[in-house]
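Colleague: I should like to go through this structure with you, one point at a time. May I ask for the reasoning behind each reply?

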Amino acid sequence: MGTPKRARLEEEPKDMPPKKKGDVPGKGLMYVDIKVNGKAIRAMVDTGATHNYISSTEVERLGLTLEKGCGRVKAINSAAQPVAGIARSVLIKIGPYEGRTNFSVVIMDDFKLILGLEFLRDTKTTVMPCTNSLVMLGNKPCVIPTISSRAGERSISALQLKKGIKRE
């Protein structure tokens with residue numbers, strides 16, 4: 001009898017070097033330090049987010065002017081919530097890149113700013129997790145290093161914290 005298919009699929013290709021612990025430069029979320037209206041903030045890069053989002057708690061600090069927002073935003077583990085407003089044509093700077101983008105203002109407890117597909121498409125940016133970087137292919141091509149969450153670092157949601165406090 002031959003080798004079962006499952007066993008064949010699990011074998012490492014012979015021409016690939018064996019994986020060593022620590023080979024992957026960073027696992028987890030990808031962040032970039034950016035400036036919004038000249039003020040520093042850390043943004044999560046999210047290829048699963050359709051738009052760019054900013055926490056309602058950051059609007060005043062960053063000096064953003066809002067237009068009336070419409071629609072709702074639904075995250076996986078939370079109820080749909082209304083968009084509090086739209087900040088249009090906001091000046092941002094990421095490494096050598098400087099340009100303008102829009103942000104939908106929503107209530108977020110986990111992140112302050114999310115750069116989603118809207119930003120990636122507008123700036124012709126590709127996410128390169130294997131090198132922990134963003135490759136911007138627009139007018140001034142450049143590579144922006146990203147920051148990974150630290151190994152072993154773990155965060156919990158507000159709901160997990162609330163349950164933990166109840167249980168002491």
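Modeller: Contact here means heavy atoms within 4.5 Å. Please bear in mind that the model is predicted.

Colleague: Leaving aside neighbours within four places in sequence, with which residues is leucine 113 in contact?

Modeller: Neighbours within four places in sequence are left aside. Under that condition, leucine 113 is in contact with Ile34, Val36, Ile41, Arg42, Ala43, Met44, Tyr53, Ile54, Phe103 and Met108.

Colleague: Which residues have the most contacts inside the largest nonpolar core?

Modeller: The largest nonpolar core has 24 residues. Elements that each supply at least two residues of this core include β1 (30-36), β8 (113-115), β10 and β11. The residues with the most contacts inside the core are Val32, Val36 and Leu113.

Colleague: Which element gives the largest share of this core?

Modeller: Among the elements that each supply at least two residues are β2 (39-45), β6 (85-94), β7 (97-106) and α2 (117-122). The largest share amounts to four residues, and the element it comes from is β6.

Colleague: How many residues form the other core, the one that lies apart?

Modeller: Ala49, Ile86, Val106 and Ile114 are among the members of this other core. Its residue count is ten.

Colleague: Is serine 133 buried or exposed?

Modeller: Serine 133 lies in strand β10, which covers residues 133-136. Its contacts, neighbours within four places in sequence aside, include Met30, Met128, Val143 and Pro145. Because its relative accessible area is 5%, and the cut-off lies at under 20%, serine 133 is buried.

Colleague: Which side chain does serine 133 meet in a polar contact of 2.6 Å?

Modeller: The contact is one between side chains. At 2.6 Å from serine 133, the partner is threonine 131.

Colleague: What are the edge strands of the open sheet of three strands?

Modeller: The order of the sheet is β9-β10-β11, with antiparallel pairing. An edge strand of this sheet pairs on one side only. The edge strands are therefore β9 (125-128) and β11 (142-145).

Colleague: Which residue in β11 is the bridge partner of valine 135?

Modeller: Strands β10 and β11 pair in the antiparallel sense over four bridges. For valine 135, the bridge partner in β11 is valine 143.

Colleague: How many salt bridges are there?

Modeller: Side chains of opposite charge can pair when their charged atoms come close. Aspartate 33 forms a salt bridge with arginine 42, glutamate 58 forms one with arginine 61, and arginine 88 meets glutamate 67 in another. The count comes to three.

Colleague: Is glutamate 58 buried or exposed?

Modeller: In its salt bridge with arginine 61, the closest N and O atoms are 2.7 Å apart. Arginine 61 is partly exposed, at 36% relative accessibility. Because glutamate 58 has a relative accessibility of 7%, it counts as buried.

Colleague: How many residues apart are arginine 88 and glutamate 67?

Modeller: Arginine 88 is in strand β6, whereas glutamate 67 is in the loop between β3 (53-55) and β4 (72-73). The pair thus links distant parts of the chain. The two residues are 21 residues apart.

Colleague: What is the count of buried residues in helix α3?

Modeller: Helix α3 spans residues 158-167 and is followed by glutamate 168, which takes a positive phi of about 60°. The helix is hardly covered. Among its ten residues, the count of buried residues is zero.

Key
Residues are numbered from 1 along each chain as its sequence is written. This is a predicted model: local features need pLDDT of at least 70, side-chain atom pairs count only at pLDDT 80 or more; totals for chains, interfaces and linings use all residues. Side-chain values use heavy atoms; hydrogens and water are left out. Buried means under 20% relative accessible area, exposed over 50%, partly exposed in between (1.4 Å probe, protein chains only). A polar contact is a pair of N or O atoms within 3.5 Å; within protein, one must be able to donate a hydrogen and the other to accept it, and residues adjacent in sequence count only if both atoms are side-chain atoms. Two strands pair if DSSP finds at least two bridges between them. A nonpolar core is a set of buried Ala, Val, Leu, Ile, Met, Phe, Trp, Tyr and Cys residues joined through side-chain atoms within 4.5 Å. A salt bridge is a side-chain nitrogen of Lys or Arg within 4 Å of a carboxyl oxygen of Asp or Glu.
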